[in-house]
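Thank you all for coming; I would like to walk you slowly through one protein chain this morning. Please have a look at the sequence and the structure first, and then we will go through the strands, the helix beside them and the core.

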Amino acid sequence: MGPLANPAHVTRQLIGIARPDYAPIYAEALTQLGSEAAAVISGEESLDELSTAGASIVVNVGRANLPTRITPEDAGLPATRSRRSAAAIPNITRSRCAGCCSARPAPIATPSCSMPPPH
């Protein structure tokens, strides 16, 4: 709900929600709020961001023109186990997050810095 109530009246944004079935409802709210270009995304496993474990749904608003379904393979990435499983491996997760948050470039672009690269 936070992005919908943004006092800055943002007209272009990407919003991730954990309930794929609510994406059309959020998209309609963005339309009513006057969004110029926006997309609501949700990983099909109830993830509030693009998933690396499977498909994600996208609902476009206004001039946004993303595919309505995105998979890791669409970005050239192999599908991995769920993000929750990866978080159970603290050393890999800590190392990957350190790479995302430091000044050095990450080895590959991933939708979430909590996801380790495939080995």
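**Strands, a helix and a core**

Let me begin with one pair of residues: Ile15 stands opposite Val40 in strand E2. The chain crosses from E1 through helix H1, residues 23–32, to E2, and this β-α-β crossover is right-handed, a term that applies if, with the strands pointing away from the viewer, the path from the first strand over the helix to the second runs clockwise.

Before I go on, please keep in mind that this is a predicted model, in which local features need pLDDT of at least 70 and side-chain atom pairs count only at pLDDT 80 or more, while totals for chains, interfaces and linings use all residues. Residues are numbered from 1 along each chain as its sequence is written, and side-chain values use heavy atoms, with hydrogens and water left out.

The protein chain has three helices and four strands, where helices (H or I, at least four residues) and strands (E, at least two) are DSSP runs, numbered from the N terminus. Read from the N terminus on, the order of elements is β-α-β-β-β-α-α.

How are the strands ordered in the sheet? They form an open sheet of four strands in the order E1-E2-E3-E4, with mixed pairing, and two strands are said to pair if DSSP finds at least two bridges between them. The edge strands are E1 and E4, each of which pairs on one side only.

Taking the neighbours in turn, E1 (residues 12–16) runs parallel to E2 and is joined to it by five bridges. E2 (residues 37–43) and E3 (residues 56–62) run antiparallel and are joined by seven bridges; along this pair, Ala37 has Gly62 as its bridge partner, and Ser42 stands opposite Ile57. On its other side, Ile57 stands opposite Arg69 in E4, and E3 pairs with E4 (residues 69–70) in the antiparallel sense over two bridges, the two being joined by a hairpin of six residues.

Why is E2 described as largely enclosed by the rest of the structure? The reason is that seven of its seven residues are buried, where buried means under 20% relative accessible area, exposed over 50% and partly exposed in between, with a 1.4 Å probe and protein chains only. Both faces of E2 are covered, with Ala37, Ala39, Ile41 and Gly43 buried on one side and Ala38, Val40 and Ser42 buried on the other.

In soluble globular proteins, nonpolar side chains tend to be buried together. Here the largest nonpolar core has eleven residues, including Ile15, Leu30, Val40 and Ile57; such a core is a set of buried Ala, Val, Leu, Ile, Met, Phe, Trp, Tyr and Cys residues joined through side-chain atoms within 4.5 Å. H1, E2 and E3 are the elements that give two or more residues to this core, and the largest share, four residues, comes from H1.

Finally, leaving aside residues up to four places away in sequence, Leu30 touches Leu4, Gln13, Ile15, Ser35, Ala38, Val40 and Val61, where contact means heavy atoms within 4.5 Å.
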